[in-house]
Amino acid sequence: MGKDLAMDDNNDYEVVIIGAGICGLATAVSLQKKGIKSVVMEASESLRNITGAAITIHQNGWRALDHLGVADTLRRTTIPIQSERMVELDGWKQQKSSIKGETRCLRRKDLIDTLYAALPPATVKFGCKLESIKFDSKTTKSVLQFNDGSFIIAKVVIGCEGGTSIVANFLNLKTTKMFPFCEVRGLSNYPNGHSFDYEFTRFRKNNNLVGRTPIDDKLVYWFCTQPLIPGDERSWEDPESIRRSTLALLNDYPQEIKKMIEIADASSLSFSHLRYRSPLELLTGSFCKGKVTVAGDAMHVMGPFLGQGGSSGLEDAVVIASNLDQKGLDHVEDAFDLYVKKRRMRVVGLSVQTYLTGMLLGASSSLKKFMYFVLLSLLFHNPSGHVDYDCGGV
């Protein structure tokens with residue numbers, strides 16, 4: 001399309017993206033490749049490339065990154081994961097299987113930095129925390145109010161600001177729900193190299209789950225998923241408190257697991273309650289209103305149990321830009337309606353499978369495990385079929 005959609009002197013924008021996380025930056029890159037310029041409003045004062053540890057990208061995510069034109073750059077930062085293994089520590093049972101398609105674990109910083117570098121200078125405006133969004137019926141545009149009292153007028157708004165999205169609230173989406181789990185994540189560096197296989201390994205014992213994935217020959221990403229304890233007053237803001245609490249929880253785990261946590265980079269340690277948007281709302285919710293829509297976690301935040309949260313946001317970015325390019329900015333409503341139609345059943349399927357997988361992993365009784373296993377078997381005959389999706393082929 002090629003039209004310059006930058007801001008004019010009246011604070012009037014054409015395309016505004018809220019949030020400079022993975023999905024927000026990817027959406028801006030995808031639009032840019034279609035000749036559609038945008039501006040990204042980010043609440044923080046600088047690029048959020050420090051928080052968060054790593055993200056698993058499966059075959060479908062790499063296809064999205066190929067469409068965005070950044071995949072080859074990112075492939076140089078990580079190694080392919082060939083297999084996955086589940087170790088039941090209670091009985092030392094192991095199950096190993098091959099991984100379908102290209103799977104790699106990326107440092108979140110590498111992904112954020114690469115997407116940011118692919119954008120023209122000044123595309124992202126920092127320190128812009130959205131406070132409210134209102135629709136102007138006279139102009140059919142949106143008035144975006146920020147917490148410093150400033151405002152802008154936007155023809156097109158795409159909310160990519162996560163599970164607590166202001167834009168999602170504007171669309172009357174319900175508050176996200178909480179899994180009965182929480183998760184600690186971190187990165188551990190082995191200066192002389194680690195001895196781990198290039199596989200995704202999970203260790204389970206006492207309703208706790210530890211996952212480990214090499215990023216390269218020296219850097220390892222890990223997580224610890226544990227039951228959520230109501231009223232837990234432990235301090236999860238301080239990295240060293242996170243480390244101590246996690247080591248205490250995994251006191252009877254193998255020494256290599258405890259060592260991995262002991263040497264973890266303190267700045268990479270994080271704790272979060274796992275949240276999701278219910279499959280029913282994904283099936284029935286309104287994800288666009290006029291020229292406003294949502295993408296990424298703002299639309300379909302899901303648990304990490306399939307490793308598809310980030311990749312599904314990358315898919316959103318590609319599909320949004322393709323539809324806006326196809327329909328044109330004079331028919332944004334049609335483009336967004338088509339985008340939601342294309343994405344709805346995809347994210348419903350991912351959400352259901354993710355939810356059931358998470359509940360199976362965390363089930364405390366044999367009956368519950370059997371129930372979730374049967375449901376997964378009935379609904380998803382091909383458990384790895386979710387990686388076959390190509391967002392550029394829809």
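In the predicted model, strands E12 and E13 form a hairpin with two residues between them. Asparagine 206, located in the turn, has a positive phi of about 55°. The two strands of the hairpin, E12 and E13 (residues 208-214), run antiparallel and are joined by five bridges. Within this pairing, phenylalanine 203 stands opposite valine 210 of E13. Strand E12 also pairs with strand E4 (residues 83-88), here in the parallel sense and over six bridges. In that pairing, glutamate 84 is placed opposite phenylalanine 200 of E12. Strand E12 spans residues 199-205, and six of its seven residues are buried, so the strand is largely enclosed by the rest of the structure. In general, the side chains of a regular strand alternate between the two faces of the sheet.

Charged contacts were examined next. Across the whole structure, the search yields 22 salt bridges. One of the salt bridges is formed by glutamate 14 and lysine 155, whose closest N and O atoms are 3.4 Å apart. This pair links distant parts of the chain, since glutamate 14 belongs to strand E1 (residues 12-18) and lysine 155 to strand E10 (residues 151-159), with 141 residues separating the two. Glutamate 14 counts as buried because its relative accessibility of 19% falls under the 20% limit. Lysine 155 is likewise buried, with a relative accessible area of 14%.

A second salt bridge connects helices H10 and H11. The side chains of glutamate 315 and arginine 346 meet at an N to O distance of 2.9 Å. Glutamate 315 is part of helix H10 (residues 309-327), whereas arginine 346 is part of helix H11 (residues 332-362), so the salt bridge ties together parts that lie 31 residues apart in sequence. Both glutamate 315 and arginine 346 are buried.

A salt bridge within a single helix is found in H6. Arginine 243 and glutamate 240 make this contact through their side chains, at 3.0 Å from N to O. The two residues are three positions apart in helix H6 (residues 239-249) and are therefore separated by about one helical turn. Arginine 243 is buried, with 11% relative accessibility, while glutamate 240 counts as partly exposed at 32%. Beyond these pairs, a network of salt bridges links Asp66, Asp72, Arg75, Glu102 and Arg104. As a general matter, side chains of opposite charge can pair when their charged atoms come close.

The surface also carries a nonpolar patch. Met371, Leu375, Leu378 and Leu379 make up this patch, which covers about 380 Å². Leucine 375 is located in helix H12 (residues 366-379). This residue is classed as partly exposed because its relative accessible area of 34% lies between the limits of 20% and 50%.

Finally, an annotated segment was compared with the model. An unreviewed UniProt entry lists residues 13-31 as a "transmembrane region". In the model, this span is 53% helix and 32% strand, and its end C-alpha atoms lie 15 Å apart.

Definitions and conventions: Residues numbered from 1 in each chain as written. Predicted model: local features only at pLDDT ≥ 70, side-chain atom pairs only at ≥ 80, totals over all residues. Heavy atoms only, no water. Patch = residues over 30% accessible without salt bridge, like charges linked within 9 Å, V, L, I, M, F, W, Y side chains within 5 Å. Areas by Shrake-Rupley, 256 points an atom, 1.4 Å probe, with all protein chains shown as cover. Salt bridge = Lys/Arg side-chain N within 4 Å of Asp/Glu carboxyl O. Helix = DSSP H or I, 4+ residues; strand = E, 2+ residues; numbered from the N terminus. Buried < 20%, exposed > 50% of the residue type's maximum accessible area, 1.4 Å probe, protein only. UniProt positions renumbered as here; feature names shortened; annotations may be inferred. Pairing = 2+ DSSP bridges.
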